[in-house]
Amino acid sequence: MKKLTLNLIALVLLAGNAAAFDLAGMGADDIRAAQTDFRAPAPQAQRVDDLIGIDMNIRIPYATIKNGVEKVAASDRRLTIMDKNAPVAFKYGEFLRVSNIKIDQGGIIVIPTLTLKPSFAGTDKLAIRVQRIQLHASMEPSLKAAPMPAINEEEIMVQVMDVLIKGTYSAVGDFLKKKQIPMKAEDVIKLRYDKAAWTLHAQISSKVMNHFIPGGLVGELHLTGFSFNEKGLVLNIQTPQ
């Protein structure tokens, strides 16, 4: 479920980058060299200090996260939002709570309630740990005659993450295709679920920004901080200091 959130973060980060221009000029040494050597001078590397710096916070409302879940559900029928009018994610004390969804795993209907602990794990990296999982499981009417299999929370969590990761990649891929950006979803956000640690790891790339912001104008943008409050997720985006 964390990836869902992470995915939405990726969509929000798609907001700048395009073409590059070489504005390097000739200095006195170049002019003197031209008296005996008429080759063009080598382009000078642009200093980071010459680029515009950005330091901003981006808030992602929980309603936006719900919209992202709906897009995932549209791409994978195994995932369903139970109540269209109720939230999917919200602040729950020091944690995030994700609920109001159900997963169909081969006729076994699982309704999970996840208590998550997201944290900033380094530049462009997030870690989202499952602190607690509550499950309600049932079987489709067509399978009522069969005995209910034992529910393994660890394996169910793997299945839930698999559904969400695939759905997230599908949603981001569709966005890139509509924007005619020649990148794959995995180039924008990489998601990996660590079963043993019950933690989803996400790494976000800023390369997609090159398709929106003119090169040589703004330094590379990176995710440098993360938090959340009653209204939504808060991302800190910065260029190198």
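Which residue in strand 11 does Phe 228 stand opposite? It's Leu 233, and the first view below shows where that pair sits. One thing to keep in mind as you look around: this is a predicted model.

**View 1. Strand 10 and strand 11 side by side, with Phe 228 opposite Leu 233.** Strand 11 covers residues 232-238, and six bridges tie it to strand 10. The two strands run antiparallel. Find Phe 228, then look across to Leu 233 in strand 11.

**View 2. An open sheet of three strands.** Zoom out a bit and strand 1 joins the picture: the order across the sheet is 1-11-10, with antiparallel pairing. Strand 1 (55-61) and strand 10 (222-228) are the edges, and each of them pairs on one side only. From one strand to the next, the twist averages 25°. Now look for helix 3, residues 62-75, which lies across strand 1, strand 10 and strand 11. Helix 3 runs at about 65° to strand 1.

**View 3. The hairpin of strand 8 and strand 9.** Strand 8 (residues 189-194) has side chains that take turns. Ile 189, Leu 191 and Tyr 193 point to one face and are buried. Lys 190, Arg 192 and Asp 194 point to the other face and are not buried. Strand 9, residues 199-204, runs antiparallel to strand 8, and six bridges join the two. Asp 194 stands opposite Thr 199 in strand 9. Four residues lie between the strands of this hairpin, where Trp 198 takes a positive phi near 55°.

**View 4. His 136 and its contacts.** You'll find His 136 in strand 7, which spans residues 125-139. Is His 136 buried or partly exposed? Its relative accessible area is 48%, so His 136 counts as partly exposed. Leaving aside residues up to four places away in sequence, His 136 touches Ile 109, Val 110 and Ile 111. Take Ile 111: it is 25 residues from His 136 in sequence, yet their C-alpha atoms are 5.1 Å apart in space.

**View 5. Helix 4 from end to end.** Helix 4 takes in residues 153-178, 26 residues in total. From its first C-alpha to its last, helix 4 reaches 37 Å, close to the 38 Å expected at 1.5 Å a residue. After helix 4 comes Gln 180, with a positive phi near 55°.

**View 6. Residues 1-45, where the pLDDT is below 50.** Across the chain, the pLDDT averages 77, and 75% of the residues score at least 70. Over residues 1-45 the pLDDT is below 50, though this stretch has 97 contacts in the model beyond near neighbours in sequence.

Notes. Residues numbered from 1 in each chain as written. Predicted model: local features only at pLDDT ≥ 70, side-chain atom pairs only at ≥ 80, totals over all residues. Heavy atoms only, no water. Pairing = 2+ DSSP bridges. Axes fitted to C-alpha atoms, helices over the stretch in contact; angles between N-to-C directions. Contact = heavy atoms within 4.5 Å. Buried < 20%, exposed > 50% of the residue type's maximum accessible area, 1.4 Å probe, protein only. pLDDT = per-residue confidence, 0-100. Expected span 1.5 Å × (residues − 1).
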